[in-house]
Amino acid sequence: MNGRNEVMISPDFILVGLFPEFQHSIVLNFVVIFIYILAFLGNLLLIVLIWGDSRLHTPMYILLANFSFLEICYVSSDVPKMLANIISQTKSISYTGCLLQFYFFFSMCAAEGYFLSAMSFDRFLAICRPLHYPTIMTYQLCARLVVFCWAGGFLSILMPAV
């Protein structure tokens, strides 16, 4: 220091927690872990059931299995860092980590919207065009919808993130 008051600028973001007391943060940590495990296992069970039963290999259930996998990724994009910051003393995230977390979180939000649209299109065809449903909603169309939902979700957020 040259006699001047120099301020060190940290390349990290400091996260302010909900509870300043450590006892409250431990309780919050266990509650969040419990909810995270329930969400993770519930979606994993749904995926295993759908892929394990050949009668459920229809477009509706294929979309639902992909949606469940998306939900696992969606929850896993934020919760581990949040759990680490709840019990951590530093409570910070790097600029790059924040940007990556932003990108993955909002990409999965966008993909979720696309999957909900694809699932509603599937149900629209099944209800409003029941006789044409097997010829319109083929496995090829279902596969294209799945690829579009995943790619669309990750590509649509690329420009705002950059």
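The questions and answers below concern a predicted model of one protein chain.

Q: Which element of the protein chain has the lowest confidence, and which the highest?
A: The mean pLDDT of the protein chain is 86, and 85% of its residues reach 70 or more. At the low end stands strand β1 (residues 12–14), with a mean of 64. At the high end, with a mean of 95, is helix α6 (residues 139–156).

Q: How many helices and strands are there in the protein chain, and what pattern do they follow along the sequence?
A: The protein chain holds seven helices and two strands. Read along the sequence, their pattern is β-α-α-α-β-α-α-α-α.

Q: What share of the residues of the protein chain counts as buried?
A: A residue is buried when its relative accessible area is under 20%. The protein chain has 162 residues, and the share of them that counts as buried is 30%.

Q: Which element gives the largest share of the largest nonpolar core?
A: This core has 18 residues, and those with the most contacts inside it are Leu 63, Leu 70, Phe 115, Met 137 and Val 146. Two or more residues come from each of α2 (59–76), α4 (95–128) and α6. The largest share, six residues, is given by α4.

Q: How are the buried residues of helix α3 placed, seen down its axis?
A: Helix α3 (residues 79–87) has Val 79, Leu 83, Asn 85 and Ile 86 as its buried residues. Seen down the axis of α3, they fall within an arc of 165°, so what they line is one face of the helix.

Q: Is Asn 66 buried or exposed?
A: Asn 66 has its place in helix α2. Buried means under 20% relative accessible area. Because its relative accessibility is 15%, Asn 66 counts as buried.

Q: What separation is found between the C-alpha atoms of Asn 66 and Phe 115?
A: Phe 115 is among the residues with the most contacts inside the largest nonpolar core. Along the chain, Asn 66 and Phe 115 are 49 residues apart. Their C-alpha atoms are separated by 8.2 Å.

Q: Which residue meets Arg 55 in a salt bridge?
A: The count of salt bridges comes to two. Arg 55 counts as exposed, at 67% relative accessibility. Its partner counts as partly exposed, at 23% relative accessibility. The side chains meet at 3.0 Å, N to O, and the partner of Arg 55 is Asp 53.

Q: Is Asp 122, which meets Arg 123 in a salt bridge, buried or exposed?
A: The side chains of Arg 123 and Asp 122 meet at 3.0 Å, N to O. Arg 123 counts as partly exposed, at 33% relative accessibility. For Asp 122 the relative accessibility is 1%, so Asp 122 counts as buried.

Q: What is the area of the nonpolar surface patch that includes Leu 38?
A: Leu 38 lies in helix α1 (residues 22–52). The patch is made by Val 27, Val 31, Phe 34, Ile 35 and Leu 38. Its area is about 490 Å².

Technical notes. Residues are numbered from 1 along each chain as its sequence is written. This is a predicted model: local features need pLDDT of at least 70, side-chain atom pairs count only at pLDDT 80 or more; totals for chains, interfaces and linings use all residues. Side-chain values use heavy atoms; hydrogens and water are left out. pLDDT is the predictor's confidence in each residue, from 0 to 100. Helices (H or I, at least four residues) and strands (E, at least two) are DSSP runs, numbered from the N terminus. Patches are made of residues with over 30% relative accessible area and no salt bridge: like charges are joined within 9 Å, nonpolar side chains (Val, Leu, Ile, Met, Phe, Trp, Tyr) within 5 Å. Accessible areas come from the Shrake-Rupley method with a 1.4 Å probe; for residues, only the protein chains shown count as cover. A salt bridge is a side-chain nitrogen of Lys or Arg within 4 Å of a carboxyl oxygen of Asp or Glu. Buried means under 20% relative accessible area, exposed over 50%, partly exposed in between (1.4 Å probe, protein chains only). The arc is that of the directions from the helix axis to the C-beta atoms. A nonpolar core is a set of buried Ala, Val, Leu, Ile, Met, Phe, Trp, Tyr and Cys residues joined through side-chain atoms within 4.5 Å.
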